[in-house]
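I opened this notebook to look up the aromatic rings of the structure and what surrounds them. My entries follow in the order in which I looked things up.

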Amino acid sequence: MAINTSDIQAIDSAHYMHPFTDHKGLAEKGARIITKSDGIYIWDSKGEKILDAMSGLWCVNVGYGRKELVDAAAKQMQELPYYNSFFQTTNVPAVKLAEKIIKLAGDNYSHVFFSSSGSESNDTNIRMVRHYWTTLGQPERTVIISRNNAYHGSTLVGSSLGGMGGMHAQGGMISGIEHIEQPYHYGLAPNKDRDAFGIEAAGWLEKKILEVGADKVAAFIGEPVQGAGGVIIPPKTYWPEIQRICDKYGILLICDEVICGFGRLGKWFGSQLFGCKPDLMTFAKGVTSGYIPLGGVVIGKRVAKVLIEQGGEFNHGYTYSGHPTACAVALANIEIIEREGLVDKVHNETGPYLAQKYAELAKHPLVGGAETCGLVAGFVLMKDKANHVHFDEDLGVGMICRGHCFANGLIMRAVGDRMIIAPPLVITKAQIDEMIRLIQLCLDATLADLKKQGIV
Ligand code: PXG
């Protein structure tokens, strides 16, 4: 179907309200219309080929153009497109997917609750942990501790859990959420020993627990690696220490695996890489590689046992909990990840290769704090990295760099001045080389721009 770009842009501007978008700015420029995809590439309506180093929005783990996933959806839709799991009914794909996810998660877990997104799943988490403590006769344990710059979704619960001031400012926050500082070594304490900083940053949790009162705290929630906050990779000492502190005070640990789960960090779940055993794990995105919406919570035995044996009816659920078509696509997606050995490939081959390439990229005069973990990576654009001087925030240097990426056929995200990537797990070494060449080119163009404007 031929597409008239300016017609679609005009209708888009007249009727389609986009997420996280300044519409006045967009109307002037017109949205970029993405029309097709294959592997790690997407194309726009003008025929430009773009290397999608963000896997859509951190989700297209097996890459675009997988007919198997289309076939799985079509087959399921012909048999049973939809049915609910309320009123003592179930469906085969949901049952099989729950069993499969528990096998991947390991011994600590027994049940899965399904939703359609990461935000909904975190809402489920909060309902679940508060219900858990009430069932155990400790209803005053309601407070959830989270972190600054965290992202846990965009519903009111998700944004309250998250640590983004801009989101809190629009619509407010639910009560009972506390935040501690994030474990951002390069940003907060670059001159400190990294591992010692990890212990110190975990210690902020203990301080907050004591401030709130341990008997009031229900859970701590964190992304194993903070994604939307700018790919903040914690020191290896951080999560084991967080686990120790949660255990010490009997507090539930929730890992939000929406980005880190399903192979992104070279393990099925990020918490498996960092050596902690959360009581609850949020998932979404990579479970279906984004081909169809699905999310959920993997429930540890400690919580499941109490809810099932003592909790009575859990007054919670979504129309699409356990959606058969979404679950069938997830099963086919996990089969591809297993058959192609993508988790091990990230761990043993492409992850280490990307790390090596980022170590080279770190020599660029603009690049500070370049780090990778599996197939997520980030660096911060620095004015004077020798003296650890950042650019003035108002200059929008990250957006300048992102503009060059857009113009040169590369999707790389800017979070402030942090430039981040999360390419599909199917990316090859040759494609990593191609991606790095493009990043280098965009960095050079950004530097030239900044010099021309007299900023550096
Ligand atoms: N938790 C985490 C860790 C996420 O990254 C969510 C929950 C919410 O999932 P849903 O499916 O409700 O969107 C996310 C989503 C960005 C960006 O700008 C990241 C997300 C969503 C939108 C934008 O990087 N992550």
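I began with a cluster, in which ring pairs link F114, F262, W268, F269 and F283; rings of Phe, Tyr and Trp (its six-membered ring) pair if their centres lie within 6.5 Å, and planes under 30 degrees apart count as stacked, over 60 as edge-to-face and the rest as tilted.

I noted that this is a predicted model, where local features need pLDDT of at least 70 and side-chain atom pairs count only at pLDDT 80 or more, while totals for chains, interfaces and linings use all residues. Residues are numbered from 1 along each chain as its sequence is written, and side-chain values use heavy atoms, with hydrogens and water left out.

How many aromatic pairs does the rule give? I found a count of 15. I then looked up Y82 and Y83, whose ring centres are 6.4 Å apart with the planes at 40 degrees, so I entered the pair as tilted. Y82 is partly exposed, at a relative accessible area of 30%, and Y83 is also partly exposed, at 38% (buried means under 20% relative accessible area, exposed over 50%, partly exposed in between, with a 1.4 Å probe and protein chains only).

Y238 and W239 make an edge-to-face pair, 5.4 Å centre to centre with 80 degrees between the planes, and are they buried or exposed? Both Y238 and W239 are buried.

Last, I looked for charges over rings (NZ of Lys or CZ of Arg within 6 Å of the ring centre and within 35 degrees of the ring normal). I found the charged end of K36 over the ring of W43, 4.8 Å from its centre, and K49 over the face of Y41, 4.1 Å from the ring centre.
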